[in-house]
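Colleague: Please take a close look at the second of the two chains, with its domains, its partner and its packing.

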Amino acid sequence: MAQTLTLRLRIWRQPGPNERGYFGVYELEDISTRMSFLEMLDVLNEQLIGRGEEPVAFDHDCREGICGTCGMMINGQAHGADLETTTCQLHMRWFQDGDEITIEPWRAAGFPVIKDLVVDRTAFDRIMQAGGYISINTGNAPDANSIPVPRDDAEQAMDAAACIGCGACVAACKNASAMLFTSAKVSQLTLLPQGRPERSSRVRNMVAAMDAERFGSCTNTYECEAACPVGISVENIARLNREYLQAVLTSPE
Amino acid sequence: MAQVANGRLDAKVPGGPIAEKWDRHRFELKLINPANKRKFDIIVVGTGLAGGSASASLAELGYNVLSFCLQDSPRRAHSIAAQGGINAAKNYPNDGDSIWRLFYDTVKGGDYRSREANVYRLAQVSNNIIDQCVAQGVPFAREYGGTLANRSFGGAQVSRTFYARGQTGQQLLLGAYSAMMRQVNAGKIKLFPRKEMLDLVVVDGIARGIITRDLVNGKFESFVADAVVLCTGGYGNLFYLSTNAKSCNVTAAWRCHKRGALFANPCFTQIHPTCIPASGDYQSKLTLMSESLRNDGRVWVPKNIGETRQPNEIPEDERDYYLERRYPAFGNLVPRDVASRAAKERCDEGHGVGSTGMAVYLDFRDAIHRDGEDVIRGKYGNLFHMYEKITAENPYKVPMHIYPAVHYTMGGVWVDYNLESTIPGLFILGEANFSDHGANRLGASALMQGLADGYFVIPYTIGHHLASRSLPKINTDHAAVAETMTRAQERVGSILAVGGTRTVENIHRELGRIMWDHCGMSRRAPGLSAAAEKIRGLRDEFWNDVRVPGSGESFNQNLEHAGRLADFLEFGELFAADALHREESCGGHFRGEHQTEDNEARRDDERFCHVAAWEFNGVGEAETLHKEPLTFEEVPLATRSYK
């Protein structure tokens with residue numbers, strides 16, 4: 001049954017990319033445990049506007065856990081404590097009356113802060129531009145069933161393809177590595193026969209782009225997997241490493 | 001307006017037998033020489049399935065594409081949230097499907113308010129879409145032999161739906177997005193994320209550019225091109241609560257309407273029967289539970305009014321499986337509009353369940369008993385998981401609570417057969433246009449239409465515009481650009497200048513309540529008139545009393561929302577006027593005055609077998625109605641029956 005909570009929020013406020021940030025402290029009452037985390041922030045923002053203060057900026061869109069737009073560190077955990085859950089799907093029943101909640105943006109050199117909890121994740125798009133595709137023009141495709149794909153391969157490819165590109169893996173990693181994100185796309189396209197012709201150039205180019213975007217190295221801590229809201233497995237990182245090694249050893253360049 | 005003649009709209013549908021129209025038309029369309037394509041710039045607004053596929057395909061042909069979206073990345077567009085699947089007439093299961101049957105089902109499902117020739121073309125290219133997506137690496141579900149799996153969806157009597165678990169929209173969108181990223185890398189697409197289109201630049205009667213506001217720094221910018229392609233989705237957020245993402249809006253389409261593009265059938269709204277009900281007045285959006293759940297779930301309410309027992313304590317003979325009772329042939333799989341209205345009717349009669357009484361049960365008890373929990377988990381595991389995340393109830397043990405919610409808008413900017421609006425050079429694709437779904441869209445057809453328009457229609461039809469019209473080079477210092485820019489800036493400035501007391505959120509919620517109460521699942525003339533009156537009053541209140549904090553020269557989410565709400569407050573009035581004009585019930589549009597004795601929709605083909613396309617005359621002024629007569633030569637007009 002629904003209860004109500006009184007909460008104390010410590011929220012990272014930063015007016016712009018080059019300005020100093022600080023923690024703003026806010027008290028909230030009568031928060032229903034049935035609310036989503038973002039609805040709780042909506043309530044806060046309505047109160048802030050009512051008092052003539054600037055509302056807290058945060059990215060969000062679908063509010064059903066699939067678009068990957070939302071994301072914040074909640075008490076030090078990317079997307080909060082509920083496993084395999086995006087911030088928008090986190091509900092207030094995970095909190096206790098009287099809790100203090102610390103809310104921060106993703107912190108990574110590759111994701112500069114735009115305002116408050118909003119960061120710039122266009123680095124992910126640039127990694128994708130380096131090779132996260134199969135080169136096929138519209139109209140060129142053969143009949144769909146002329147490319148049989150073993151069911152297990154298709155299922156594994158789908159596991160990797162489920163990545164929503166939210167950036168929690170980077171935010172959770174002490175090195176701000178983008179390996180889980182990059183490896184998920186490399187895995188999906190390597191596991192499918194359609195992706196094999198470009199497998200070597202793809203992995204080399206995507207890894208180079210990842211490094212150029214100032215994401216750190218992977219040291220197999222697996223925080224990324226623990227933080228991932230859609231359960232992307234670190235097996236993908238192992239697959240990327242194998243693909244990369246093979247590509248570098250066998251590439252003519 | 002080239003397409004308006006003698007007060008009637010001409011869709012420029014090519015002649016000849018329906019199966020040959022598109023082929024013939026493609027031959028008759030003028031071409032741009034491959035070497036000349038690089039001389040043309042095309043603006044594409046929106047990066048969902050329609051915009052993403054159009055941007056990638058046009059860039060592959062050699063055009064220079066400027067791609068705009070208001071999200072932080074093209075990959076976030078709301079097409080990503082589509083769960084169930086995408087239809088195609090492949091007939092892989094050998095169960096009797098064909099292009100003709102998909103065409104027929106779509107026309108009938110749309111309750112004879114769509115344009116036959118467009119629907120036929122949609123069914124024709126459906127197969128190419130599947131081929132294209134598979135080649136891109138979309139991981140569709142497979143059989144053990146490695147071939148593609150299909151399922152029956154949304155009441156279709158053949159298995160024609162392709163799917164990628166419950167994330168089909170996501171996978172198709174990421175396919176289009178990856179094709180876009182390839183063209184960005186090739187230098188043929190320039191990406192402009194976090195930029196919102198605020199107006200259309202029309203030069204000598206032809207769409208030649210857009211005005212945008214940068215959502216990060218508030219800067220206004222102008223872009224010019226040889227064509228503008230609008231792929232900006234639907235307007236379900238007019239109702240505040242809907243299954244749409246929070247940023248979905250009517251602004252780009254509405255601003256084009258104000259510049260002269262006719263708006264067609266705005267009142268055609270799809271209310272989806274299986275959504276998670278609202279839990280309180282803080283509710284910010286509604287979440288859809290895929291329609292596929294109705295394949296195994298049984299919908300029921302208690303027979304007793306004011307029932308207080310838990311669902312599992314209610315014996316079989318005190319349950320009313322009302323869809324199975326009323327529609328024995330289709331049962332729980334009746335089309336969305338029929339299922340939604342029935343749920344509302346049962347709740348209005350006092351049989352609703354849950355804390356608000358505005359919910360019905362969707363029960364998997366019998367399916368679990370028949371197939372076992374593992375089979376049900378295999379089919380719907382992710383949906384059950386999502387339901388439990390939101391409601392903290394376990395649907396394997398207790399029935400789900402569901403209630404209808406606004407989901408999709410069939411109306412949109414009027415387009416001809418080429419997907420061109422009444423402003424030459426302005427093309428409208430995907431949910432933003434109106435043509436293919438009539439008064440009701442079938443399940444798994446939205447993804448099909450978005451990708452059909454983007455991958456396989458616009459690459460042909462845009463060339464004809466570019467080749468046949470004089471398009472002198474212009475740049476951003478053209479007087480029309482400056483004038484449009486000033487208008488867009490003034491509008492934003494005047495919103496900031498109000499300095500009142502009510503928040504944007506608060507006014508938007510009130511607008512949503514007006515729409516839901518009077519223009520929702522069941523509409524009547526007095527309510528529609530009242531709604532128009534109330535919307536006018538609320539619009540005045542917005543312009544006198546809205547409070548938008550912060551400045552225009554910064555990242556200001558409240559200001560973005562306020563601009564979109566200001567347009568909804570104008571558009572809502574047209575929505576009500578359109579619903580009032582259509583004195584019949586068809587598809588998702590149900591007028592209480594026009595129903596049969598057993599409460600089914602009663603169409604009026606004598607008076608309303610037409611598209612209602614509205615012409616803007618000024619804010620608060622009645623719009624001028626233009627009619628595009630609809631003729632059904634291939635699928636004879638008949639009354640839908642799901643009994």
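Modeller: The account below goes from the domains to the chain contact and then to the core. This is a predicted model, in which local features need pLDDT of at least 70 and side-chain atom pairs count only at pLDDT 80 or more, while totals for chains, interfaces and linings use all residues. Residues are numbered from 1 along each chain as its sequence is written, with chains lettered from A and ligands numbered from 1 in the order in which they are written.

Chain B has domain 1 (272-405) and domain 2 (479-615), with bounds from an automatic or database domain assignment. Their centres, taken over C-alpha atoms, are 30 Å apart. Each domain of chain B puts 5 residues into the contact between them, where contact means C-beta atoms, placed from the backbone, within 7 Å. On the domain 1 side, helix H8 (336-348) of chain B gives the most, 4 residues; helices are DSSP runs of H or I, at least four residues, numbered from the N terminus. That side holds 1 nonpolar, 1 polar and 3 charged residues, with Asp, Glu, Lys and Arg as charged, Ala, Val, Leu, Ile, Met, Phe, Trp, Tyr, Cys and Pro as nonpolar, and the others, Gly among them, as polar.

Towards the partner, 63 residues of chain B are in contact with 64 of chain A. H1 (37-50) of chain A gives the most to the chain A side, with 6 residues. The chain A side divides into 31 nonpolar, 18 polar and 15 charged residues.

As for packing, B:Val229 touches B:Ile42, B:Ile43, B:Val44, B:Ala54, B:Phe427, B:Leu429 and B:Ile458, leaving out residues up to four places away in sequence.

Methods: Two residues are in contact if their C-beta atoms, placed from the backbone, lie within 7 Å. Helices (H or I, at least four residues) and strands (E, at least two) are DSSP runs, numbered from the N terminus.
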